[in-house]
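Work through the two exercises below with the model open. Try each task before reading its solution.

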Amino acid sequence: MATTPVRDRSTIMVLNGPNLNLLGRRQPEIYGTDTLADIEKLVAVTAAPHGLTTDCRQSNHEGQLIDWVHEAREHHAAVIINPAGYSHTSVALRDALATCDGLPIVEVHISNIHQREAFRHHSYVSALANGVIAGCGVQGYAFAVERVAALLASTKAQA
């Protein structure tokens, strides 16, 4: 007999896509000098006052990100995702996020993708997200945690 997975209503999955492991060293004129470790600390500190924790992961591999989305839909309260280059190319990642029935999803981009090359102006993820934050630097991740916290509080209030 199959068991129903238990969703942790207090942990946010924070997913970062390709090349974000190089933050702080790669194109600091676009992405700044903060590292991925700095972002992980920022989201944890921002989540704590809301009684939330974060589960931060990064991969350069599309399939790994998809597997983590599948895990999040079963076990996490929400997803914050910076799909990076996969924003503009991955229908498969979009389809995985579409399976997250009712799970809050917030998309984050450190740079303003709408001020960059034309191919970056479209994201397959945006249509599924409860919010899209772009161009706010790493502070966008803190904004995303705040938005997720508000969405989760609203869901609890309605229950």
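The exercises deal with one helix and with two residues in loops.

This is a predicted model, in which local features need pLDDT of at least 70, side-chain atom pairs count only at pLDDT 80 or more, and totals for chains, interfaces and linings use all residues. Residues are numbered from 1 along each chain as its sequence is written, and side-chain values use heavy atoms, with hydrogens and water left out.

**Exercise 1.** Find which residues of helix H2 are buried, and state where they lie around its axis.

Solution. Step one: locate H2, which covers residues 36-47 (helices are DSSP runs of H or I with at least four residues, strands are runs of E with at least two, numbered from the N terminus). Step two: list the buried residues, namely Leu36, Ile39, Val43, Thr46 and Ala47 (buried is under 20% relative accessible area, exposed over 50%, partly exposed in between, with a 1.4 Å probe and protein chains only). Step three: look down the axis of H2; the buried residues fall within an arc of 95 degrees, so they line one face (the arc is taken from the directions from the helix axis to the C-beta atoms). Step four: check the other side of H2, where Lys41 and Val45 are exposed.

**Exercise 2.** Compare the settings of Gln27 and Ala84.

Solution. Step one: read phi, which is positive at about 45 degrees for Gln27 and about 55 degrees for Ala84, neither being a glycine. Most residues other than glycine have a negative phi. Step two: place them. Gln27 is in the loop between strand S1 and helix H1; Ala84 is in the loop between strand S3 and helix H4. Step three: Gln27 counts as partly exposed because its relative accessibility is 30%, whereas Ala84 is buried at 15%.

Key: The expected span of a helix is 1.5 Å times one less than its number of residues.
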